[in-house]
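Below are some comments on the model you sent, as numbered points. They cover strand pairing, the cysteines and one stretch of surface.

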Amino acid sequence: MVTKTVDLRSDTVTKPTEAMRAAMADAEVDDDVLCCDPTAQRLETEVAKITGKEAGLFVPSGTMGNLISVLVHCEVRGSEVILGDNCHIHIYENGGISTIGGVHPRTVKNNEDGTMDIDLIEAAIRDPKGALVYPTTRLICLENSHANTGGKCLSVEYTDKVGELAKKHGLKLHIDGARIFNAAVALGVPVDRLVQAADSVSVCISKGLGAPVGSVIVGSESFITKVLTCVHVLIASSVLYSNSII
């Protein structure tokens, strides 16, 4: 009798198949800093195509993908992002948007289905007339599917409404789409339609897909150009910090 252990601690403990390992070993590689690694480029292009966005950039983790996306949308220190009080960015990502980017989180209560009430989101948007004393609202973040509410999926109708609200107030919308493929399958909605209203999405490829690490940030060409610049700055800053404590 053959027994097989299925590890259900997390969808991040999936491992590459032998075919995937062989593909990694045989992959054509080059200097990705110079934007000429063909394998990375194919991955970025494919994810951008699937999500209906113009371009993408591979990064080592979902936390990094969300962090960079927030920093690019909130490029002025003292900016504010509206997000759920029980979302991954706010709870599990080391407060990076604040400690690294100087971005202030303004939380709205997450409902049991992972949504935030539209009227509460709008009420949380700062009045520009108060910019002398308040942070400036620049971004709204959603998480789909929503991990801390049991993997609840946000409907395309809800996401569209948040997108409309963002545009009404001149804000951007970022989706933490670590498990967006799960949401698309559960809802029966294509991924590109599910994130159509978003200006950016961070898609994790190590959750349930068998990749050892990694996420892809997708958005417009101009957004991804800024993302690439942000990545270089973060790497340079981390090297300088590391050298300062050695």
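**Notes on the predicted model**

1. Leu139 has Lys172 of strand S5 as its bridge partner. Please keep in mind throughout that the model is predicted. The contact between S4 and S5 is a parallel pairing, made over five bridges. Strand S4 covers residues 136–143, and S5 runs over residues 172–177.

2. On to the next pairing of S5. Strand S6 (residues 200–204) also pairs with S5 in the parallel sense, here over four bridges. Within that pairing, Gly177 is matched with Val203 of S6. As for cover, five of the six residues of S5 are buried, and the strand is mostly covered.

3. The wider sheet should be described alongside these pairs. It is open and has seven strands, in the order S1-S7-S6-S5-S4-S2-S3. The pairing across this sheet is mixed, although S4 with S5 is parallel and S5 with S6 is parallel too. At the edges are strand S1 (55–59) and strand S3 (104–108), each of which pairs on one side only. Neighbouring strands are turned against each other by 25 degrees on average, with direction ignored.

4. How many disulfides does a search of the whole structure find? The result is zero. For Cys74, which is in no disulfide, the nearest cysteine sulfur belongs to Cys141 and is 7.5 Å away. The cut-off for a disulfide is a pair of cysteine sulfur atoms within 2.5 Å, so a separation of 7.5 Å does not qualify. Cys74 is also buried, at 2% relative accessible area.

5. Cys153 deserves its own entry. Why is the sulfur of Cys153 not bonded to that of Cys204? The sulfur of Cys204 is the closest cysteine sulfur to that of Cys153, but the two are 16 Å apart, which is too far for a bond. Cys153 is partly exposed, with 27% relative accessibility, whereas Cys74 is buried.

6. The last point concerns the surface. Leu132, Val133 and Tyr134 form a nonpolar patch there, and their accessible area together is about 390 Å². Val133 sits in the loop between helix H6 (118–124) and strand S4 (136–143). Is Val133 buried or exposed? Val133 counts as exposed because its relative accessibility is 63%, and the cut-off for that class is over 50%. The loop holding Val133 thus leads on to S4, the strand that pairs with S5 in point 1.

Technical notes
Residues are numbered from 1 along each chain as its sequence is written. This is a predicted model: local features need pLDDT of at least 70, side-chain atom pairs count only at pLDDT 80 or more; totals for chains, interfaces and linings use all residues. Side-chain values use heavy atoms; hydrogens and water are left out. Two strands pair if DSSP finds at least two bridges between them. Helices (H or I, at least four residues) and strands (E, at least two) are DSSP runs, numbered from the N terminus. Axes are lines fitted to C-alpha atoms, for helices over the stretch in contact, and angles run from 0 to 180 degrees between N-to-C directions. Buried means under 20% relative accessible area, exposed over 50%, partly exposed in between (1.4 Å probe, protein chains only). Patches are made of residues with over 30% relative accessible area and no salt bridge: like charges are joined within 9 Å, nonpolar side chains (Val, Leu, Ile, Met, Phe, Trp, Tyr) within 5 Å. Accessible areas come from the Shrake-Rupley method with a 1.4 Å probe; for residues, only the protein chains shown count as cover. A salt bridge is a side-chain nitrogen of Lys or Arg within 4 Å of a carboxyl oxygen of Asp or Glu.
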